[in-house]
Amino acid sequence: MPAKSTKSAARATRSPSASGLSIVVPLFNEAKGLAALHERIAEVARWLKVKRGLRSEVIYVDDGSSDETALIANSLVADPLDVQVVSLSRNFGKEAALMAGLDHARLGAVLFMDGDGQHPPDLVDTLVARWLDDGYDVVYTAKAHRENEPWLRRTSVHWFYALINLGSRQKIPEDAGDFRLLSPRAAAALRQMPERSRFFKGLSSWIGFRQARVDYEPALRAHGATSWSMWTLIGLSIEGLTSFSVAPLRVASVLGLLLAVTALFFGAWILLQTLLYGQDVPGYPSLVVGLMVIGGVQLIMIGVLGEYIGKLLSEIKARPVYFVAEHSVKSAEDSAKARPAASRAAE
């Protein structure tokens with residue numbers, strides 16, 4: 001009988017739910033909606049604890065906000081889940097904030113979601129179900145459609161994923177977002193990635209394991225306006241491409257090859273016109289156009305190479321991806337013990 005009890009306890013310890021769930025939420029000027037978001041996350045955590053016995057914690061990473069985001073985050077109640085607040089020394093960017101949350105996660109599985117409320121916390125239960133019930137290690141979400149977005153943005157997103165997946169063995173699913181859950185072994189694999197220029201969507205796909213997609217409708221932003229402008233999105237796209245894929249180098253090589261072949265055929269055509277038909281070759285216009293095309297292509301290739309050289313320089317310097325200015329932890333267990341004491345003191 002004791003032997004059976006020992007085996008049952010060991011199996012319970014090895015069960016996926018026993019590892020717990022860390023919810024990482026990067027924040028940048030989200031003071032107005034943070035309290036409401038925390039209430040929704042707490043409701044989901046309470047449901048997961050009752051339904052599955054799953055222990056949870058939430059890690060709010062303040063990425064150098066200029067409003068009262070850090071102050072409100074530190075005032076949030078740790079009930080029924082632990083609350084960590086990691087305040088970075090300045091704005092390092094979303095990818096750095098996600099890494100900071102991953103580094104500070106104390107439980108097994110890790111779930112990433114945005115702090116603007118557009119990633120619905122109600123969907124967390126579905127992601128957890130695909131992990132615990134169906135055995136998937138990476139459960140990522142993707143927008144069900146982009147009908148409400150401008151045509152130019154939809155087209156740009158499509159070509160971005162087409163380019164970054166060019167020649168890649170492990171494709172990044174189109175429209176996949178940062179709202180995803182990683183099992184304990186998938187989170188451990190992601191932590192082993194040594195690079196500093198990180199692209200979480202790509203890295204989460206590259207590690208492999210069993211992956212599942214969940215489509216969802218993004219909620220409307222309840223407070224404020226997005227900080228992502230067209231130029232920041234372009235910058236993020238370039239960062240993702242050069243950090244994760246060599247496709248731009250291949251495109252530059254193909255472009256140079258096409259230009260060389262075109263020049264070869266054009267030269268042959270001019271030679272035939274001169275020898276067979278005696279036609280004079282127009283000099284100045286063709287010379288100017290040729291120089292402009294060649295010069296433009298060379299500048300593009302130099303720019304692409306410069307982006308990759310910059311990434312190499314960043315990796316060689318090996319600077320920390322982020323610095324933590326403040327870090328606080330509130331335990332749900334301590335909060336539960338403090339409530340009866342406060343009630344007795346009030347009496």
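This report is a short tour of a predicted model, from its overall make-up to a few individual residues.

## The protein as a whole

Let's start with the overall picture. The protein contains twelve helices and eight strands. It has 347 residues, and 39% of them count as buried.

How do the contacts spread along the chain? Taking contacts between residues at least 6 apart in sequence, 84% of them join residues at least 24 apart.

## The sheet

A good landmark to look for is an open sheet of eight strands. Reading across the sheet, the order is β7-β5-β6-β4-β1-β2-β3-β8, and the pairing is mixed. Which strands stand at the edges? They are β7 (211–216) and β8 (324–330); each has a single partner strand, so one side of each is left without a neighbour in the sheet. From one strand to the next, the twist averages 20°.

Now for some of the individual pairings. Strand β4, residues 109–112, runs antiparallel to strand β6, residues 176–182, and three bridges join the two. Here Val-110 is found opposite Leu-182 of β6. On the β5 side, β5 and β6 pair in the antiparallel sense over four bridges, with Val-138 of that pairing having Leu-182 in β6 as its bridge partner. Leu-182 therefore appears in both descriptions, standing opposite Val-110 and bridging to Val-138. By contrast, β5 and β7 pair in the parallel sense, over six bridges; there, Tyr-140 stands opposite Arg-213 in β7.

## Helices against the sheet

Two helices are worth finding next. Helix α2, residues 31–52, lies across β1 (21–27), β2 (56–62) and β3 (82–88). Its direction is at about 160° to β2.

Helix α7, residues 184–191, also packs on the sheet, where it touches β4, β5 (138–143) and β6. The angle between the directions of α7 and β6 is about 120°.

## Well-covered elements

Some elements are mostly hidden from the surface. In β5, five of the six residues are buried, so this strand is largely enclosed by the rest of the structure. Helix α4 (residues 94–104) has nine of its eleven residues buried, so it too is largely enclosed by the rest of the structure. The buried residues of α4 are Glu-95, Ala-96, Ala-97, Leu-98, Met-99, Ala-100, Gly-101, Leu-102 and His-104.

Helix α5 is mostly covered as well, with seven of its nine residues buried. Those buried residues are Val-124, Asp-125, Leu-127, Val-128, Ala-129, Trp-131 and Leu-132.

## Three residues to visit

Leu-127 sits in helix α5, residues 124–132. Is Leu-127 buried or exposed? Its relative accessibility is 0%, so Leu-127 counts as buried. Leaving aside residues up to four places away in sequence, Leu-127 touches Leu-111, Val-139, Thr-141, Phe-179, Leu-181 and Val-214. Val-138 lies eleven residues from Leu-127 along the chain, and their C-alpha atoms are separated by 9.1 Å.

Thr-69 belongs to helix α3, residues 69–75. With a relative accessible area of 0%, Thr-69 is buried. Which residues does Thr-69 touch, not counting residues up to four places away in sequence? The contacts are Leu-27, Asn-29, Glu-30, Ala-31, Leu-34 and Asp-62. Ala-252 is part of helix α10, residues 247–277, and counts as buried at 10% relative accessibility. Ala-252 and Val-297 are 45 residues apart in sequence, while the distance between their C-alpha atoms is 8.2 Å.

## A cavity inside

How many cavities of 30 Å³ or more are there? The count comes to one. The largest cavity has a volume of about 30 Å³.

The lining of the largest cavity is formed by Leu-98, Phe-112, Asp-178, Arg-180, Phe-200 and Ser-204. Two elements, β6 and α8 (200–206), give two or more residues to this lining. By type, the lining residues divide into three nonpolar, one polar and two charged. One of them, Leu-98, is also among the buried residues of α4.

Key:
Residues are numbered from 1 along each chain as its sequence is written. This is a predicted model: local features need pLDDT of at least 70, side-chain atom pairs count only at pLDDT 80 or more; totals for chains, interfaces and linings use all residues. Side-chain values use heavy atoms; hydrogens and water are left out. Two strands pair if DSSP finds at least two bridges between them. Axes are lines fitted to C-alpha atoms, for helices over the stretch in contact, and angles run from 0 to 180 degrees between N-to-C directions. Contact means heavy atoms within 4.5 Å. On a 1 Å grid over the protein atoms alone, a cavity is a set of points where a 1.4 Å probe fits but cannot get out, and a pocket is an open set with protein on both sides within 12 Å along at least five of seven lines; lining residues have an atom within 4 Å of a point. Grid points are joined across faces, edges and corners, and a volume is the space filled by probe spheres set on the points. Ala, Val, Leu, Ile, Met, Phe, Trp, Tyr, Cys and Pro count as nonpolar, Asp, Glu, Lys and Arg as charged, and the others, Gly among them, as polar. Buried means under 20% relative accessible area, exposed over 50%, partly exposed in between (1.4 Å probe, protein chains only).
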